[in-house]
Amino acid sequence: LHEDITERMREREELARREWRLNALLDQQKAIFDNAPPIVLASSGKLAEFNPAFVAMMRSSPEVLRGSAVHTVFGGRELYQAFLAKVRESLIRNEPVRIDWSLRRGEESFDVRISGRRVQMEGHVAASLWVIEHLTDAQRAEKALHEAHDRLEIAQDAGRIGIFDIHLRETQAFWSRQLLDIYGLDDSPGYVSRDRWAALLHDIG
């Protein structure tokens, strides 16, 4: 009888320790969630769960946001469908998504970077978890630079225009892919020697 009581006490102590560790882990996860960047769980087209940072970003309240249609933060159904068209295939393949987009709060539009993926969670159908970060001025400048570069590439391809960049005090010149194509060279785009660049100049003397 004494051994049975002792064993039961040990089992209760072990159960209490496990419960304490579980509660501590849950507290840690909640602290991380509450202090993380804006996070939102979308389920069946609704805002199911989110952290305080998301509420602050949307300048709203949990009562207003919870259960709202996801398209409301995108500025309407059409804009939300455009977003889904960009990310749907990656979500179906269970691949992570990272995309720059615009959200709306009232009449105000603001640029964000959205990262997320589809998740399987009990009680949620067609769920996806998203982390949202404001685009800083530097990130917006970087995005604009990439877009300008893409437009330049298209213009060069359409007009068969090549460019080079040379610093006369240095020994190298940069050749674009289009310029290499014009000369029929197989080199990779990048820096070539200044002597090779000079040898290809047309002699007008």
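Which residue in strand 5 is the bridge partner of Arg117? In strand 5, Arg117 is partnered by Leu129. That bridge is one detail of a predicted model. The report below starts with the whole chain, then takes the sheet, the aromatic rings and one helix residue.

**The chain as a whole**

The chain has 205 residues, and 28% of them count as buried. It contains eight helices and eight strands. About 14,700 Å² of the chain is exposed, with carbon and sulfur atoms supplying 55% of that area. Among contacts with a separation of 6 or more, 33% come from residues 24 or more positions apart.

**The sheet**

Five strands make up an open sheet. Their order is 2-1-5-4-3, and the pairing is antiparallel. Strand 2 (46–50) and strand 3 (97–105) stand at the edges. Each has a single partner strand, so one side of each lacks a neighbour in the sheet. On average, neighbouring strands are turned by 35° against each other, direction ignored.

Now the pairings. Strand 4 (residues 108–119) and strand 5 run antiparallel and are joined by eight bridges. Within strand 5, Glu133 stands opposite Arg113. On strand 1, five bridges pair it with strand 5 in the antiparallel sense. Strand 1 is also joined to strand 2 by four bridges, again antiparallel. Strand 1 and strand 2 form a hairpin with two residues between the strands. In that hairpin, Ser44 takes a positive phi near 50°.

The table lists bridge partners across the sheet.

| Residue | Partner | Strand of the partner |
|---|---|---|
| Ile39 | Val131 | strand 5 |
| Ala42 | Ser128 | strand 5 |
| Leu41 | Glu49 | strand 2 |
| Arg113 | Glu133 | strand 5 |
| Arg117 | Leu129 | strand 5 |

How many of the residues of strand 1 are buried? Strand 1 (residues 39–43) is mostly covered, with five of its five residues buried. Ile39, Leu41 and Ser43 point one way from the strand. Val40 and Ala42 point the other way. Residues on both sides are buried.

Helix 5 lies across strand 3, strand 4 and strand 5. Relative to strand 3, helix 5 runs at about 160°.

**Aromatic rings**

The structure holds six aromatic pairs. One of them is Phe50 with Phe54. The ring centres of Phe50 and Phe54 are 5.7 Å apart and the planes stand at 35°, so this pair is tilted. Phe50 has 7% relative accessibility and therefore counts as buried. Phe54 is at 1%, so Phe54 counts as buried too.

Phe83 and Trp130 pair edge-to-face. Their centres are 5.7 Å apart, with 65° between the planes. The Phe83–Trp130 pair links distant parts of the chain. Phe83 belongs to helix 5 (residues 77–92) and Trp130 to strand 5 (residues 127–134), 47 residues apart. Are these two rings buried or exposed? Phe83 has a relative accessible area of 2%, so Phe83 is buried. Trp130 has a relative accessible area of 7%, so Trp130 is buried as well.

Phe83 and Trp130 also belong to a cluster linked by ring pairs. The cluster contains Phe74, Tyr80, Phe83, Trp101 and Trp130.

Another ring meets a charge. The charged end of Arg105 sits over the ring of Phe110, 4.1 Å from the ring centre.

**Ile182 in helix 7**

Helix 7 (residues 177–183) includes Ile182. Why does Ile182 count as partly exposed? Its relative accessibility is 37%. Buried residues fall under 20% and exposed ones over 50%, so a value in between is partly exposed.

Which residues does Ile182 contact, leaving aside its neighbours within four places in sequence? They are Arg160, Ile161 and Gly162. Gly162 is 20 residues from Ile182 along the chain, yet their C-alpha atoms are separated by 7.3 Å.

Technical notes
Residues numbered from 1 in each chain as written. Predicted model: local features only at pLDDT ≥ 70, side-chain atom pairs only at ≥ 80, totals over all residues. Heavy atoms only, no water. Buried < 20%, exposed > 50% of the residue type's maximum accessible area, 1.4 Å probe, protein only. Contact = heavy atoms within 4.5 Å. Phe/Tyr/Trp six-rings, centres within 6.5 Å; stacked < 30°, edge-to-face > 60°. Lys NZ or Arg CZ within 6 Å of the ring centre and 35° of its normal. Pairing = 2+ DSSP bridges. Axes fitted to C-alpha atoms, helices over the stretch in contact; angles between N-to-C directions. Areas by Shrake-Rupley, 256 points an atom, 1.4 Å probe, with all protein chains shown as cover.
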